[in-house]
Amino acid sequence: MQASARLALLSLVLLAGSAEAQWTHRYPKIKGLSHHVYLEGYELPTLTIGPMDPAPAPDGQRIAFASRGWLWVMDLNSAIARRVTTGGSLDARPAWSPDGKRLAFVRDDSRETAIMEIDLTSGREKVLVDEPAIDLDPTYSPDGSSLYYSSAAAGDLDIWKLDLASGTRTRITTTAGQELDPLLTPDGLQLVYIAKTASTNDVRARTLATGDDRVLVSGPLLSMLRIAMRSDGRTLAITWPASNADGWELKLLSLVGAPYSFLLTAADRMPLAPAFSADGKWVYYAEGDGEQRMRLHRIGAGGGRPTEVPVNAWDWGTPTGRIRIDSHLAGAAGTTAARLSVIASNGHPLLPDRSQPRFDGQTGTVFFYSEGSVELTAPLGDIQVQAVQGLATPVVRARGTVAAGGTNSVDVTLTPVWDARAAGWYAGEHHFHLNYGGPYRLPPEVLLTMGRAEGMDVLTPLLANLHTRYEDQSLFQWRSLAGSPLIAWGQEVRSHFLGHLGLVGTGELFWPWTWGPGYEVNGADDRTNGDVLAFAKAQGGISTYVHPIAVRQPFSEAGMKTMPVEIVADGVLGLFDTIELVCLWSDELGSSDLWYRLLNVGVPVAISAGTDVMNNFYRTMAIGTTRVYVKTDPALGYRGYLDGLKAGRSFATNGPMLQFKIDGVEPGGVTPKGGKSIPWSLDLESAVAVDSVEIIVNGARVVKLEGLAAGGTRHYQGVVALPAGGWVAARALGGPTDAWPAMDSYTFGHTAPVWIASRGSTMPDARRAAAADLSKALDVALGRLRQSYQGTGTPKLEAQFARARARIDSLLAK
């Protein structure tokens, strides 16, 4: 199979689910794009503290850039930066008109983007392009008569031309994919741009007269690829992933003749958004520092040592002041770590002097983390603060005033609806990525503040491949097991086609990380996910299928075609320890449907949870917004926690807290009273609204009761008639989550089961019904396996499916 076909297949495999599965995307969808989160994380503007998107002026005396969501123009002699936009939206990616009098730029209102222009003399702004779609990357033609830009006006991202006199818009590129970052040669005859397709990311040069393209350089998944053109029209500066390190390089690339490259910066750097000076002697770029502040740098176009271009002073164009925000936990002394959002009176997000800002796409909120006390600079006037600490605290809103002279303060006191640790429960997040192609290189120590601010006790960031790149491997042995939160690395192994697996508690990495349809290397490997699961077990680790089900009805005819191909086979054989029941990337009710059937055939699969967020993105949710709580003794440490997770002494949630007992037995335990009516109790605490609570027996709802309002607590109790075998659990359900502290698409919480009579016990009717459904799903998966390997011999995979078929047949025969 050709590489393009394999990656096209990969996209279909990954995203065959429905839109209900993930959090709500706020931006217009791009036609044909599989993971919209990557578009938002890699291609849309990034809000930063410090200079981003540098644009040297034609006069060589000034440089424009974005910082804190506004545009600034800095005089290079005085190093004073003057703010030139002041609105509530995020402004980014400035581009100079040839006469140096105007800037075109991208305006992002958190729902869509537009192309704006500002006259730097008068300050007047006007809209140049505002389609009901994503619009990006403006650049003027050399004579200033036209504007080239990227827009999804026709469905996917193409390069367009706007005639500034007539307003006529002309579509330049028409191929499928994303065309970005257009640049014209000084003679106006060639267009250089980035093209991202299902198979490759290219830098292309197009002859405008003929429409002919030639590829200058190509690679897979080039997340931070940006280009700049020298004034001679012969040389490009590009950012490119380092071949032997986790960082990126800044290279020069010839536009004329063979596209030879010349390295400018070392492989361990993270240069972003390059731009040539007007005279072509310097390449400017942005780069984050150790405190996630962007810094402006430049390096000679002939090479040399990079130097910082400092900003000596920030001229806000209006009086500013300082304000301090102190977060407290009710009943505790001192301050406490918190997740904060601070908004000016015009709706613009305000940021501290350091720390990475992030954007919650579910609620449209910009946030950052505080260890307990943080100061901000802002224009004079009123501000609004939102604060939470994890899922247990209802959002607290407070107002403050930024005044001239001194530093005013705002105090926020967070009151949890439940003290998990006092009740013996500890919060874990087992599926997220520290660095995943975003604009920062985050050190693992940042997880300590993030974890405390989200009320986490155990964090297991997972190493994962970014297609052919295997980042953060040097961090695998990094641990923080002496305080809270406990942190230890795990691994996500991705046979995209067979299903993604999470491994925690292992001491070594599994190799290869990737194989099967969708990969150029190891694409035809006859390797099972069972090999990975056995590897984890041999090391005393815990395995899980992550983001397992993306649709609400996985056992429908269409739904069975979306399941990870090997999950049913491995499930009925009892090969994995847990299933990631709650994840931002999957559907909790759909995942429950599969889990219930595995339990009903006697497979005691425990539950886990994780967000699958990429923490070095700007547009990313908070860690721990889907999590699992485990009942454990903290004196047992990390290993004791993992034992509790594997044993099923747990509940998974994106908001509701569930303490369930049946006849005094908690999840993970066994009640000997099968065939009897016995009492149950449930304590529900939730910072978000819950519509209903339910008691589930062998996958069927037997009790449904009214839920509670956000910030409430409620005790439930009753009597339930149990069958002779099987399991019983509790779950909580609610509507869409559109406010903090939650960030998932709808409210959900579920306990692990209490087993009836014995662990893994079943009832004949429930067992046969579940086995019948699993049998159909296994047949569909086997058909997909054979079709996708297209005649390649796969005896190991076939044998795995044969074992699963024998197991299901034995269940149907009982």
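This tour moves through a pocket, a pair of helices and four unusual spots in the backbone. The model is predicted.

**Stop 1: a pocket**

Rolling a probe the size of a water molecule over the atoms shows where empty space is left. Start with the second largest pocket, which has a volume of about 1,200 Å³. Which residues lie nearest its centre? Select Ala95, Thr139, Leu183, Met229 and Ala275. They belong to a lining of 48 residues.

Now colour the elements that give two or more residues to this lining. One is a helix, α2 (36–43). The others are strands: β1 (52–56), β5 (90–96), β9 (135–140), β13 (178–184), β17 (227–229) and β21 (272–276). Then colour the lining by residue class. You will find 32 nonpolar, nine polar and seven charged residues.

**Stop 2: two helices**

Two packed helices are described by the angle between their axes and the distance between the axes. Select residues 764–789 for helix α8 and residues 795–813 for helix α9. They pack at an angle of about 160°, and their axes are 9 Å apart. Are they roughly parallel or roughly antiparallel? Angles over 145 degrees count as roughly antiparallel, so α8 is roughly antiparallel to α9. Their crossing is left-handed. Show the side chains where α8 meets α9. The contact has 14 nonpolar, one polar and six charged residues.

**Stop 3: two cis peptide bonds**

Most residues other than glycine have a negative phi, and most peptide bonds are trans. The remaining stops show exceptions.

Go to the loop between β39 (479–480) and β40 (486–488), and pick out proline 485. The bond leading to proline 485 from serine 484 is cis, with omega near 0°.

Next, select the loop between β54 (726–736) and β55 (746–751), where proline 741 is found. Look at the bond that joins tryptophan 740 to proline 741. This peptide bond is also cis, and its omega is near 5°.

**Stop 4: two positive phi values**

Select leucine 221, in the loop between β16 (212–219) and β17. Its phi is near 45°, a positive value in a residue other than glycine. Switch on the surface here. Leucine 221 is partly exposed, with a relative accessible area of 29%.

Finish at serine 355, in the loop between β27 (338–344) and β28 (358–360). Serine 355 is not a glycine, yet its phi is positive, about 100°. Is serine 355 buried or exposed? Its relative accessibility is 19%. Buried means under 20%, so serine 355 counts as buried.

Note on methods. Residues numbered from 1 in each chain as written. Predicted model: local features only at pLDDT ≥ 70, side-chain atom pairs only at ≥ 80, totals over all residues. Heavy atoms only, no water. 1 Å grid on protein atoms, 1.4 Å probe; cavity = no way out; pocket = protein on both sides within 12 Å on 5 of 7 lines; lining within 4 Å. Points joined across faces, edges and corners; volume = space filled by probe spheres on them. Helix = DSSP H or I, 4+ residues; strand = E, 2+ residues; numbered from the N terminus. Nonpolar A, V, L, I, M, F, W, Y, C, P; charged D, E, K, R; others polar. Axes fitted to C-alpha atoms, helices over the stretch in contact; angles between N-to-C directions. Parallel < 35°, antiparallel > 145°, perpendicular 65-115°, else oblique. Left-handed = near helix turned anticlockwise from the far one by under 90°. Buried < 20%, exposed > 50% of the residue type's maximum accessible area, 1.4 Å probe, protein only.
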